[in-house]
Amino acid sequence: MDADPATTDAAADAAAAAVAADGADDDVAETIAAIGPRLRALRLGRGLTLDALGTATGISVSTLSRLESGHRRPTLDLLIPLARAHRVALDHLIAAPATGDPRVHLRPRRRDTGSVLVPLTQYPGRVQVFKQVLAPREPRLVSHAGYEWLYVLAGDLRLLVGDRAFTLHPGEAAEFDTAEPHWFGPAGADAVEILHLYGPHGDQAVLRTGAASGG
């Protein structure tokens, strides 16, 4: 006796739905499994201990440790304060599995000064990479831990490091220890566009360059 076509179609649809559900479950499990390592990378990239992060978020050290190791299921009430503490969007913590699209969707950040910063690395790490368009502003020397590498894409860059002043043109680069007082911005009235690599723990870019030309 031949099978009823309607029954056969229903069985096929049910089987297809089951396969799709299994695939969706796998994707969810993959996404959840990736959250712990991502949280750990964010914390280490910012040089934070579990104790310091616990103080900042109100989450116990044991819970933080279990989240990072994958032994505690991440929930919104845990991820929201962690996203705030790491200063990243919540979707940076819950990144969907790769779909085969290699493109990175950049999110420019506009400053009150008129400058624009485009993070080229999605998650904080040993070396962070930015593209910046800097608007003219008054020089103000700052110092902090880390190491910076600057490459001029367009316009002229004025760089002050300690009591030294340099002018860099398109195609020129400079690198320096940020523990020394420094400032950089447009050399004139027009904006300057740069590629900016920053190692918060003193990590340096692999590419080595000669000294910048004096301005």
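1. Ile 80 sits in helix 4. At 34% relative accessibility, this residue counts as partly exposed, because the partly exposed class lies between the 20% limit for buried and the 50% limit for exposed. The model discussed here is a predicted one.

2. Ile 80 also belongs to a nonpolar surface patch, together with Leu 76, Leu 90 and Ile 94. The accessible area of these four residues together is about 300 Å².

3. Helix 4 also has a part in the interior. The largest nonpolar core counts 14 residues, and Leu 39, Leu 82 and Leu 93 have the most contacts inside it. Helix 1 (5-45), helix 3 (61-69) and helix 4 (76-86) are the elements that give two or more residues to this core. Helix 4 gives the most, with 5 residues.

4. What does Leu 39 touch, leaving aside residues up to four places away in sequence? Its contacts are Leu 67, Glu 68, Leu 79, Leu 82, His 86 and Leu 93. Two of the names just listed, Leu 82 and Leu 93, are also among the residues with the most contacts inside the core.

5. A second core, separate from the one above, has 13 residues. Among them are Leu 157, Val 161, Phe 166 and Ile 194. Ile 194 lies in strand 9, where it is the bridge partner of Val 152.

6. The sheet should be read next. It is open and built from 6 strands in the order 1-2-3-9-4-7, with antiparallel pairing. Strand 1 (109-110) and strand 7 (173-177) are at the edges; each has a single partner strand, so one side of each is left without a neighbour in the sheet.

7. Strand 9 stands between strands 3 and 4 in that order. On one side, strand 3 (residues 128-134) runs antiparallel to strand 9 and is joined to it by 7 bridges. Within this pair, Leu 134 has Val 192 as its bridge partner in strand 9.

8. With strand 4 (residues 147-154), strand 9 again pairs in the antiparallel sense, over 7 bridges. Tyr 151 is placed opposite Leu 195 of strand 9, and Val 152 is bridged to Ile 194.

9. Why is strand 9 described as largely enclosed by the rest of the structure? Of its 8 residues (192-199), 6 are buried, so the description follows from that count. Buried here means under 20% relative accessible area.

Technical notes. Residues numbered from 1 in each chain as written. Predicted model: local features only at pLDDT ≥ 70, side-chain atom pairs only at ≥ 80, totals over all residues. Heavy atoms only, no water. Buried < 20%, exposed > 50% of the residue type's maximum accessible area, 1.4 Å probe, protein only. Helix = DSSP H or I, 4+ residues; strand = E, 2+ residues; numbered from the N terminus. Pairing = 2+ DSSP bridges. Core = buried A, V, L, I, M, F, W, Y, C linked by side-chain atoms within 4.5 Å. Contact = heavy atoms within 4.5 Å. Patch = residues over 30% accessible without salt bridge, like charges linked within 9 Å, V, L, I, M, F, W, Y side chains within 5 Å. Areas by Shrake-Rupley, 256 points an atom, 1.4 Å probe, with all protein chains shown as cover. Salt bridge = Lys/Arg side-chain N within 4 Å of Asp/Glu carboxyl O.
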